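The following report looks at one chain through its nonpolar core and its strand pairing. Please keep the structure in view while reading.

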Amino acid sequence: MTDRALRTTLTGEIAAAVEAVPGVAFLRPGLGGRLRSALPRGASAAGGGRAVPAGVRLTGPDGAGPWRVEIHVVARGHVRTLDVARDVVRSVEGRLAGLLPGEQPPKVTVTVTGLV
């Protein structure tokens with residue numbers, strides 16, 4: 001598997017893990033997602049492929065350090081954002097531990113960018 005394919009796969013797995021956490025409304029959309037939402041129904045992204053989630057940024061290990069994951073989410077207003085952030089970290093760490101056995105635990109940071 002190429003480095004790009006690995007990152008795409010891991011990013012998709014991380015996004016799925018984040019979206020399954022109770023209290024997470026959605027990953028923060030990037031500019032591309034905002035522009036796509038303005039397109040008429042049926043219009044697709046260039047290339048026809050599924051876009052990489054904008055709310056997940058994944059940086060590979062730099063030799064001595066672990067994977068670094070930055071996540072930006074919008075949380076539901078009826079839950080404590082601290083609890084949501086902690087649950088997201090645990091979920092992502094667990095998913096990556098299963099996908100990358102034997103590697104150092106990832107450094108996961110979560111930013112709650114809004115409430116709905």
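## Core and strand pairing

Leu100 has a relative accessibility of 13% and therefore counts as buried, where buried means under 20% relative accessible area, exposed over 50% and partly exposed in between, with a 1.4 Å probe and protein chains only. This is a predicted model, in which local features need pLDDT of at least 70 and side-chain atom pairs count only at pLDDT 80 or more, while totals for chains, interfaces and linings use all residues. Residues are numbered from 1 along each chain as its sequence is written, and side-chain values use heavy atoms, with hydrogens and water left out.

Leu100 lies in the loop between α3 and β4 (107-115); helices (H or I, at least four residues) and strands (E, at least two) are DSSP runs, numbered from the N terminus. Leu100 and Leu10 are 90 residues apart in sequence, with their C-alpha atoms 9.5 Å apart in space.

Contacts (heavy atoms within 4.5 Å) are listed here without residues up to four places away in sequence.

| Residue | In contact with |
|---|---|
| Leu100 | Leu10, Trp67 |
| Val88 | Val18, Val21, Val24, Ile71, Val110 |

The largest nonpolar core, a set of buried Ala, Val, Leu, Ile, Met, Phe, Trp, Tyr and Cys residues joined through side-chain atoms within 4.5 Å, has 20 residues, and Ile14, Val18, Val69, Ile71, Val88 and Val92 touch the most other members. At least two residues of this core come from each of α1 (3-19), β1 (24-27), β2 (56-59), β3 (68-75) and α3 (81-99).

β3 and β4 run parallel and are joined by 8 bridges, pairing being assigned if DSSP finds at least two bridges between two strands.
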